[in-house]
Each structure stands twice: as C-alpha cells, then as structure tokens.
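Please open the structure in your viewer and keep the selection tool at hand. This tour moves from one selection to the next and says what can be found at each stop.

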Amino acid sequence: MSPAARGSARGAFLTPAYRWGFMLVVSLFFLWALANNFNDILIRQFQKSLGLNRAQAGFIQFVFYIGYFVVAMPAGLLMRRWGYKAGILTGLGLYAAGALLFYPASIAMSFGMFLFALFVIAAGAACLETTANAYTGAFGDPGTAVQRLNLAQAFNGLGACIAPVIGGLLIFSGVEHSDTTLAGMSEAQLAAYRAAEATTVQLPYLLLAGAALLVAAAVAVTRLPEGRTHSDTPLRTQFATLLRHRPLTGAVVAQFFYVGAQVGIWSYFIDFVKDVAPQVSERNAAYLLSTSLVLFMIGRFTGTAVMSRIRPTTLLGAYAVANVALCAIAATGAGWPAIGALMLSSFFMSIMFPTIFALGVDGLDTARPLGSSCIIMAIIGGALFPPLMGLVAVATGGVPAALLLPLLCFAIIAAYAWRARRAIAA
C-alpha cells in the first residue's frame, strides 16, 4: 500500500483507491459459498443417482473439507512468499479445474471421480478462504477489520442462500421414486434413471467454472493493496509465535466446532425436512433451506451493524446460546416447529465464522497468513461431523436425533466466547 493510500486508510472503513479491488475480493466469498452449498444438494442427489445411503453421501462433505485441511497451510506459505494476489489466482484456477471435472465424472457415474473433483474444488476454495479472509484487513482501518470481514462474509451468505435455489432448479429433476418403485424397476430401467439423474450436475458446475475464470481475469489486471505477508523472521520462529498466541489457538478450536455444526445442519437439512414432513417435495425442501440461508445472510448484514454497539464476543456468545436452544427444539422432530427452529438457527450462525476468524488473527502482523491457514485448517470439522451425523441418523432411523451433535458444538462456542470476552476485558 502506498503512503498516500495508507494515510487515507486511517480511520476509513474502506480505502477509496481500492474499492473495485475490494468488490472483487468480496465476490470470492460469494463464489466459494456456491460450491460449498451445492454440496447440500449433492448429498440428496447422489443418493438418487448413485444409490448411496445417508452415511455414504455424508462423505461428500468429508472429502471436501479434507481438501481444506490439506491445502490451507500450503496456501498460507504461498501467500507468505508471493503475496495475496497469487493466492487468489491459484485458488480460482483450482476451483475452475475441479468444477470442470464434474462433466466426465457425471458421464462415468463414478462416485470416486466426483469425490476427486470435489477435492480439487475444495483445494481452490481453501486458497481463496485463506487469502480473502485475511486480506480484507488490508482494505481499510485495522480498527474496523472485524466489521469489514463480517460485511464481506455477508456476501458469502448471499451465495449460500442462492445456491439451494439454483441447485434445486438445475440439479433436482423433480422426479422422485419411492423405494418400492425403484425395487420394481428392471436393471435397464434403474440404470437409465440413475444415468439421467447423474447428468443434471453438468450445467451448474460448468457455470461455476466459467465464473471462476472470469473473476480470475479481472483480478489479474486489477490494482490491489500489497498487504504485509513477507517477513524476514524464520518460519520456525513464526510457528512458535502462533502456538503461543492464545487468541489464535482458541479460535482454531472454536472454528472446528462451528464449521462442524454449520456443515452438519445444512448437509442434512433436506433429509431432516423429509423425515419430519414427508409430504414436502425435495425441491420445496431445498427452497426451505434457501429461506434459512436468507436468514443467515440477513444475520451477517445486521451483525455488522450491531457490532458497532455491542462487543463481538458478547454477540457471539448470545448467538451460540440461542442455537443451543434451537437445536434442542429441532432434535425433538416435532413437525413444523422443529423445521422452523432449524431454519432459524442459520440466522444465529451468521456472525460466528468471521467473528471467530477476526479474533484469532488479530495482532499477528506478518504472521497473519500462517494464522489464517491455521484457522482454515480447522474447517476439517466440516469433514468429520456430517458422516457422524449420518451414522446417528442411520442408527436412530432419522435425522432429528443427530442434531444433538451441533447442539454440543454451539455449547463449546458459547464457552469460547465467554473466555474471549474475559481475556479482552483483562
């Protein structure tokens, strides 16, 4: 950042010279939200097209978030050496490549190929998240970094609420057969039905690839703030500093449980609705999920405003306690009140990721890229909880009981918020 731009950034929510660049970075939040939330549609769709059960379908999220875990630290090292723009372009390239791989996977009807494609998309998304979440701090006054990240993450919420609508329209065919009907089909009829269902993923993922390549072209020619990523401090010393930085270690633990809860709830939302209200179609269940994610987006926009008056740690704790109560109601499986409670939980999840992230990397200076990587690696919680919830759902005969796992996660986040608030007050 030039001295003039640095001066204009003091006290400014957003540095005027980099408004267009900030808009491009915000678009990344929208883009990876589409891929992440398409997975919730795929879990249901692959049960139809590939004949998977709920536990097997849960491995979609397992492989996706393993990709985050594996790539987050290399992404941080790449940023440390080459800067934020290199991290963005690498992430967009991987994202587009993975989306394009969906085409041959759909023709081969291979779950393994789909999982590999999802891993590549996740590798790209990990680069984008590691870079963009940390990079928002370079676009204005450091004192408003938490609010700026919450604003950027609000557009992630916009992508999240649009994804189920797009997925519901483009991926769900509207053809739903009962187990009895499927059992009565000949081998040829069943194969033809599943092949037709598998091809529905082609168009949406080709569109994702095209969008990623367009954004990459725009980023390549746009002036962006330099940010501070390079340091003469030895890598070993920086890692030792990170381990001693208590705000970061607490944030890593909290983020692990938050992402596990969020991904678990959204992954099985459609299955939950079908269990609690079987008369609701898959498409309408997807629209209910989209409505829930609209609440998520609203929560991020309002949370950004409310944080100017209420401490982020206080708001985080209150929202976590609210979700403990809502998950308890949803776990009863009591019809529409349970569905309504699970939908409302998205509103209270809204501020959690960006707030935990910003609290964790605060004060890291040149170690910020590596600290960002550590928090993004915690996203592996999203790999572990959906399969666990799937196993509980299979064992109990329904999804409602599996919501006790997210309930536990939110209780841990409430405890983290309380400790973080005490630490800041001290």
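The stops below take in two helices and then a patch on the surface. Keep in mind throughout that this is a predicted model.

Begin by selecting residues 19–49, which make up helix H2, a run of 31 residues. From its first C-alpha to its last, H2 reaches 44 Å, which is close to the 45 Å expected at 1.5 Å a residue. Now centre the view on Ile41, where H2 bends by about 35°. If you colour H2 by accessible area, you should find the helix mostly covered, since 26 of its 31 residues are buried. Past the end of the helix, select Gly51, which follows H2 and has a positive phi, near 70°.

Next, select residues 111–135, the 25 residues of helix H7. H7 reaches 35 Å from its first C-alpha to its last, close to the 36 Å expected at 1.5 Å a residue, and this helix too is mostly covered, with 21 of its 25 residues buried.

For the last stop, turn to the surface and select Val165, Leu169, Leu170, Leu203 and Leu207, which together make a nonpolar patch of about 410 Å². Which helices each supply at least two residues of this patch? They are helix H8, covering 145–170, and helix H11, covering 202–220, and the largest share, three residues, comes from H8. Finish on Val165, which lies in helix H8 and is partly exposed, with a relative accessible area of 30%.

Methods: Residues are numbered from 1 along each chain as its sequence is written. This is a predicted model: local features need pLDDT of at least 70, side-chain atom pairs count only at pLDDT 80 or more; totals for chains, interfaces and linings use all residues. Side-chain values use heavy atoms; hydrogens and water are left out. Patches are made of residues with over 30% relative accessible area and no salt bridge: like charges are joined within 9 Å, nonpolar side chains (Val, Leu, Ile, Met, Phe, Trp, Tyr) within 5 Å. Accessible areas come from the Shrake-Rupley method with a 1.4 Å probe; for residues, only the protein chains shown count as cover. A salt bridge is a side-chain nitrogen of Lys or Arg within 4 Å of a carboxyl oxygen of Asp or Glu. Helices (H or I, at least four residues) and strands (E, at least two) are DSSP runs, numbered from the N terminus. Buried means under 20% relative accessible area, exposed over 50%, partly exposed in between (1.4 Å probe, protein chains only). The expected span of a helix is 1.5 Å times one less than its number of residues. The bend at a residue is the angle between axes fitted to the seven residues ending there and the seven starting there.
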